[in-house]
Amino acid sequence: MSKIFTPTNQIRLTNVAVVRMKKGGKRFEIACYRNKVMSWRSKVEKDIDEVLQTHMVFTNVSKGQVAKKEDLMKCFGKDDPTEVCKEILAKGELQVSDKERHTHLDSLFKDIATTVAEKCVNPETKRPYSVSLIEKAMKDVHFSVKPNRNAKQQALDVIPQLKATMPLERAQMRLQVTASGKETRKLRDKVVKLAGSVETESWDDGTLNLVLLIDPGHYREVDELVRSETKGSGQLEVLNLKEVTEGEEVLE
């Protein structure tokens with residue numbers, strides 16, 4: 001069998017994720033490891049060597065055509081391949097096949113439903129919904145998954161939509177506030193306004209002990225109130241991250 005001649009400016013790479021960017025009227029591509037591009041963009045992965053298959057900039061990865069240094073300088077204002085790779089990583093478009101895109105969207109859809117199921121309960125029973133029931137409800141409201149946003153952000157987006165079609169609310173956090181001093185009464189009034197409900201309240205020699213349920217979205221506000229109103233002497237303790245009735249999940 002005769003040998004196949006490969007020009008020296010061509011590098012063959014297989015099983016790659018390609019990130020593409022058009023700049024200065026030219027197309028540039030870099031070859032990355034699968035599943036690493038998003039990790040780099042979310043700053044989970046910090047080692048560029050774990051992301052790039054090679055520190056080279058291509059005009060066409062699949063054909064192995066390497067970009068010329070003068071083109072890099074003209075379009076990016078620099079000819080250091082690694083620095084150009086980082087810019088393409090940050091601003092370029094990740095090329096994926098239809099099958100990969102479909103798999104990613106399916107996985108993200110399930111992650112969003114799982115996040116909603118973890119964060120929310122049926123307010124009538126105080127029990128969580130199953131992931132499958134949340135998935136069905138998301139399909140019923142025709143929720144459209146956005147591939148570039150994470151599951152937590154999209155879960156917060158879909159909760160109001162689901163509330164319109166089913167009994168659903170964020171699972172409440174149970175907090176205990178302990179404080180004393182002349183500003184305690186004012187602190188109590190401000191905290192109670194943010195609470196979903198007050199479970200117990202007692203005053204012992206001027207010391208307030210308050211147990212309440214709040215929406216997790218108000219936690220930071222309550223924490224700042226306790227610290228500022230008591231000059232750091234008050235205490236805020238999380239008793240339960242989620243107030244959920246014990247027992248089996250509501251499956252359907």
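**Exercise 1. Is Cys75 buried or exposed, and how many disulfides does a search of the whole structure find?**

Solution. The structure is a predicted model, in which local features need pLDDT of at least 70, side-chain atom pairs count only at pLDDT 80 or more, and totals for chains, interfaces and linings use all residues. Residues are numbered from 1 along each chain as its sequence is written, and side-chain values use heavy atoms, with hydrogens and water left out.

Step 1. The classes of accessibility are set with a 1.4 Å probe on protein chains only: buried is under 20% relative accessible area, exposed is over 50%, and partly exposed lies in between. Cys75, with a relative accessible area of 11%, is buried, and Cys85 is buried as well, at 0%.

Step 2. A disulfide is a pair of cysteine sulfur atoms within 2.5 Å. For Cys85, the closest cysteine sulfur belongs to Cys32 and lies 7.5 Å away, which is too far for a bond.

Step 3. Searching the whole structure gives zero disulfides.

**Exercise 2. Locate the salt bridge between Lys136 and Asp140, and describe how the two residues are placed along the chain.**

Solution. Step 1. A salt bridge requires a side-chain nitrogen of Lys or Arg within 4 Å of a carboxyl oxygen of Asp or Glu. The side chains of Lys136 and Asp140 satisfy this rule at 3.3 Å, N to O.

Step 2. Helices (H or I, at least four residues) and strands (E, at least two) are DSSP runs numbered from the N terminus. Lys136 and Asp140 are separated by about one helical turn, because they stand four residues apart in helix H5 (residues 131-140).

Step 3. Lys136 itself is partly exposed, with a relative accessible area of 48%.

**Exercise 3. Work out which parts of the chain the salt bridge of Glu199 and Arg174 links, and set out the accessibility of each partner.**

Solution. Step 1. The closest N and O atoms of Glu199 and Arg174 are 2.8 Å apart, and the two residues form a salt bridge. This pair links distant parts of the chain, since Glu199 belongs to strand E9 (residues 195-204) and Arg174 to strand E8 (residues 173-180), with their positions 25 residues apart.

Step 2. Glu199 is partly exposed at 38% relative accessible area, whereas Arg174 is buried at 15%.

**Exercise 4. Characterise the pair Asp157 and Arg149, then place it within the total count of salt bridges.**

Solution. Step 1. Asp157 and Arg149 meet through their side chains in a salt bridge of 2.4 Å, N to O. Asp157 is partly exposed at 33%, and Arg149 is also partly exposed, at 29%.

Step 2. The count of salt bridges comes to 17. A network of salt bridges links Lys23, Lys78, Glu87 and Lys91.
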